[in-house]
Amino acid sequence: MPSSQLAIYNMLTVFEVRQNMVIRFLGKKLSSLQIIIVGFLGLILIGTALLMLPFAVKEGSSASLEDALFTSTSAVCVTGLVMRDTASYWSGFGQAVILILIQIGGLGIVSVAAFIAMLSGRKISLLQRSMLQDSISAHQIGGIVKMTSFIFKIALIAEVSGALLMMPTFCSLYGVAGIWMSFFHSVSAFCNAGFDIMGDKTGPFSSLISFADKPGIVIPICLLIIVGGIGFLTWEDIATNKFHIRSYRMQSKVILATTGILIIVPLLLLLLFEYTAGSVKDRIFLSLFQVITPRTAGFNTASLSSLSETGSMLLIVLMLIGGSPGSTAGGMKTTTIAVLFAGAFSVFRRKKSAQLFGRRIEDSTIRNAVTLLLIYLLLPMIGAAVISMTEGLPIGVCIFETVSAIGTVGLTLGITPSLSLVSHLILIFFMFLGRVGGLTLIYAAINSKSADVSQRPVEKIIVG
């Protein structure tokens with residue numbers, strides 16, 4: 001074996017041994033959900049420490065703890081909200097750290113650790129398999145290792161393809177630097193992160209506004225966001241059953257149908273009421289991008305401050321819904337909103353149970369969906385109220401920002417850099433909550449060992 005390969009093998013072996021020691025130790029103390037949360041917290045702290053190094057900043061002086069912590073959290077939680085413009089503030093090293101954090105955060109720290117273990121030839125323990133199941137929202141623990149390999153194949157194909165598609169446009173404008181820009185934006189888009197490095201080229205916090213009329217950038221970014229946001233379980237279904245849609249799992253059908261509706265309907269609304277000037281081609285590109293990016297991606301090709309209040313409200317709704325389970329996206333998830341509508345229709349039609357695609361939905365699933373809706377509506381409003389009182393800003397602007405954080409979207413109306421420490425801590429908490437999941441955080445905090453099988457006496461209560 002060549003010396004370089006031997007060195008890599010030894011490094012992976014040491015990493016895997018230490019990882020297994022940590023997991024075995026934590027496994028005696030914590031549940032799998034708690035270990036996942038601790039893993040994300042640990043990665044955020046490591047990222048914070050790396051971004052505080054002097055050479056992580058272009059100016060040479062170290063970043064403050066607040067800047068580093070906020071940026072690291074935003075990258076790990078694939079959000080895209082930033083206090084400092086990524087391109088003009090962070091050095092090449094800092095940008096590389098951010099990109100690595102985005103990749104690990106998007107694919108999941110447990111999935112990345114398991115993949116490294118597979119590369120080093122180590123067996124995946126039962127505890128690690130259980131954590132993988134929770135991490136990617138898999139239905140069963142069987143085949144979870146094979147699923148992990150499939151996830152990385154999809155990620156590699158999507159990110160490399162996206163970079164190659166964007167390379168001609170970026171390289172024609174910026175030369176060799178376009179290669180790095182292509183890969184950075186490809187990973188950021190696939191992971192639904194929304195980080196960009198255009199600040200030193202087109203102005204700080206400019207995102208992709210300068211590329212609104214360039215299909216070579218707009219189309220690959222949109223496709224990457226959708227591919228990453230549909231979910232790996234859905235892609236496994238598609239890879240297995242190809243175009244035999246009837247053979248798909250009910251969840252895959254729900255995800256694909258809901259995703260299509262959430263693209264087409266808002267697209268028509270923006271075309272008719274927001275982007276009414278310019279050529280048809282420009283209007284379609286603007287509307288399409290602004291409809292897809294709130295699905296937790298965070299890029300924008302138009303100034304969001306130019307939107308009407310109705311347009312901003314539409315984006316808020318899309319940000320709350322987010323992507324799909326087992327994907328790189330955040331938000332309540334497309335399946336949650338589909339279940340809520342199915343439950344509502346069952347009430348309207350006086351049916352005993354909610355149904356989707358000829359299948360009955362369990363009552364526990366509907367309860368979980370209602371709980372998620374309550375979390376994603378109540379917390380952003382409370383956080384927005386605190387930020388509004390602290391900063392003296394309009395409540396509507398603050399709601400947009402808090403929803404963007406908890407949905408791990410990254411779209412902003414421009415207030416994030418100027419907020420105080422208290423407001424930044426609120427956004428940090430929301431980004432973390434949005435990435436690990438509201439129910440995951442609650443289950444990990446409560447960690448009930450036994451299910452409640454007792455039944456209380458029934459007494460009717462009138463609602464509505």
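Two residues are in contact when heavy atoms of theirs lie within 4.5 Å, and in this predicted model that criterion gives a first view of how the chain is folded. Among the contacts in the protein chain between residues at least 6 apart in sequence, 68% join residues at least 24 apart. The chain is built with 20 helices and two strands, and buried residues account for 53% of its 464 residues. The surface that the protein chain exposes comes to about 22,100 Å², of which carbon and sulfur atoms supply 67%.

A place to begin is helix α2, which spans residues 32–51 and contains I44. With a relative accessible area of 5%, I44 falls under the 20% limit and is therefore buried. Apart from its neighbours within four places in sequence, I44 is in contact with L69, S72, T73, V76, C77 and F432. The C-alpha atoms of I44 and A75 are 8.5 Å apart in space, although the two residues are 31 apart in sequence. One of the contact partners of I44, T73, is placed in helix α3, which covers residues 65–76. T73 has a relative accessibility of 2% and so counts as buried, and, once its neighbours within four places in sequence are left aside, T73 is in contact with I44, I428 and M431.

The next element to follow is a pair of packed helices. Two packed helices are described by the angle between their axes together with the distance between those axes. For helix α8 (residues 144–174) and helix α11 (residues 215–230), the axes come within 8 Å and cross at roughly 165°. Because an angle over 145 degrees counts as roughly antiparallel, α8 and α11 are described as roughly antiparallel to each other, and their crossing is left-handed. On the α8 side the contact is made by A158, E159, G162, L165, M166, T169 and F170, while α11 contributes G216, I217, P220, I221, L224 and V227. Sorted by type, the residues of this contact comprise nine nonpolar, three polar and one charged.

Residues of both helices are also met by S186, which is found in helix α9 (residues 177–190). Not counting residues up to four places away in sequence, S186 touches A158, E159, G162, A163, M166 and L224. S186 has a relative accessible area of 0%, and is therefore buried.

Farther along the sequence, S312 lies in helix α15, made up of residues 309–321. At 15% relative accessibility, S312 is under the 20% limit and so counts as buried. Leaving aside neighbours within four places in sequence, S312 is in contact with L307 and F400. S312 and V397 are 85 residues apart in sequence, yet their C-alpha atoms are 9.3 Å apart in space.

Two loop residues deserve a look for their backbone geometry. T296, in the loop between α14 (280–292) and α15, has a positive phi of about 85° although it is not a glycine, and T296 is buried, with a relative accessible area of 0%. R350 is placed in the loop between α16 (334–348) and β1 (355–356), and R350 too is a residue other than glycine with a positive phi, here near 55°. In its surroundings R350 contrasts with T296: R350 has a relative accessible area of 78% and is exposed, whereas T296 is buried.

Notes
Residues numbered from 1 in each chain as written. Predicted model: local features only at pLDDT ≥ 70, side-chain atom pairs only at ≥ 80, totals over all residues. Heavy atoms only, no water. Helix = DSSP H or I, 4+ residues; strand = E, 2+ residues; numbered from the N terminus. Buried < 20%, exposed > 50% of the residue type's maximum accessible area, 1.4 Å probe, protein only. Areas by Shrake-Rupley, 256 points an atom, 1.4 Å probe, with all protein chains shown as cover. Axes fitted to C-alpha atoms, helices over the stretch in contact; angles between N-to-C directions. Parallel < 35°, antiparallel > 145°, perpendicular 65-115°, else oblique. Left-handed = near helix turned anticlockwise from the far one by under 90°. Nonpolar A, V, L, I, M, F, W, Y, C, P; charged D, E, K, R; others polar.
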